[in-house]
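Me: Please take a close look at a single part of this model, the pairing of its strands, and then describe what lies around that part.

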Amino acid sequence: MQWEEVRTIYPDQYVKLQILTSHTDGNIKFVDEVALIRAIQDPKEATRELLSAKDGVIVSHTSNNELKIELRTLRGLRGVVQHESTLKLVMKS
């Protein structure tokens with residue numbers, strides 16, 4: 001399912017999604033195709049779902065025009081790890 005379809009079916013709502021396909025441009029991951037897991041009415045619940053999300057699952061608000069995730073590089077004792085900063089997805093644009 002394309003993001004535009006999700007936005008049309010679930011206007012002005014939070015949604016929990018599984019990323020099916022995406023592409024990266026620089027430090028931004030653009031989500032191309034998703035599978036809807038469920039709509040979420042309560043913003044606090046959406047935040048809880050986002051914080052516990054794993055393995056390509058994200059939470060976003062359908063007021064966002066596009067799904068994009070900022071990729072950050074975390075440097076640690078054992079090397080470099082790429083981290084997806086998904087917290088911005090919950091915020092309304």
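Reply: In this predicted model, Lys16 has Val59 of strand β3 as its bridge partner. Strand β3 comprises residues 57–61, and five bridges join β3 to β1 in an antiparallel arrangement. Strand β1, residues 14–25, also pairs with β2, residues 28–40; this pairing is antiparallel as well and extends over 11 bridges. Within the pairing of β1 with β2, Gln18 has Ala35 of β2 as its bridge partner. The two strands β1 and β2 form a hairpin, with two residues between them. One turn residue, Gly26, has a positive phi of about 65°.

Positive phi values also occur in two loops. Most residues other than glycine have a negative phi. Asp12, a residue other than glycine, nevertheless has a positive phi near 50°. Asp12 is located in the loop between α1 (3–9) and β1, and its relative accessibility is 56%, so Asp12 counts as exposed. Asp55 is not a glycine either, and has a positive phi of about 50°. The loop that holds Asp55 lies between α2 and β3; with a relative accessible area of 71%, Asp55 is exposed.

Helix α2 itself spans residues 43–52, and its buried residues are Ala46, Glu49 and Leu50. These residues lie on the same side of α2 because they cover an arc of only 100° around the axis. An α-helix has 3.6 residues a turn, so residues three or four places apart point the same way. The other side of α2 carries Lys44, Arg48 and Leu51, which are exposed.

Notes
Residues are numbered from 1 along each chain as its sequence is written. This is a predicted model: local features need pLDDT of at least 70, side-chain atom pairs count only at pLDDT 80 or more; totals for chains, interfaces and linings use all residues. Side-chain values use heavy atoms; hydrogens and water are left out. Buried means under 20% relative accessible area, exposed over 50%, partly exposed in between (1.4 Å probe, protein chains only). Helices (H or I, at least four residues) and strands (E, at least two) are DSSP runs, numbered from the N terminus. The arc is that of the directions from the helix axis to the C-beta atoms. Two strands pair if DSSP finds at least two bridges between them.
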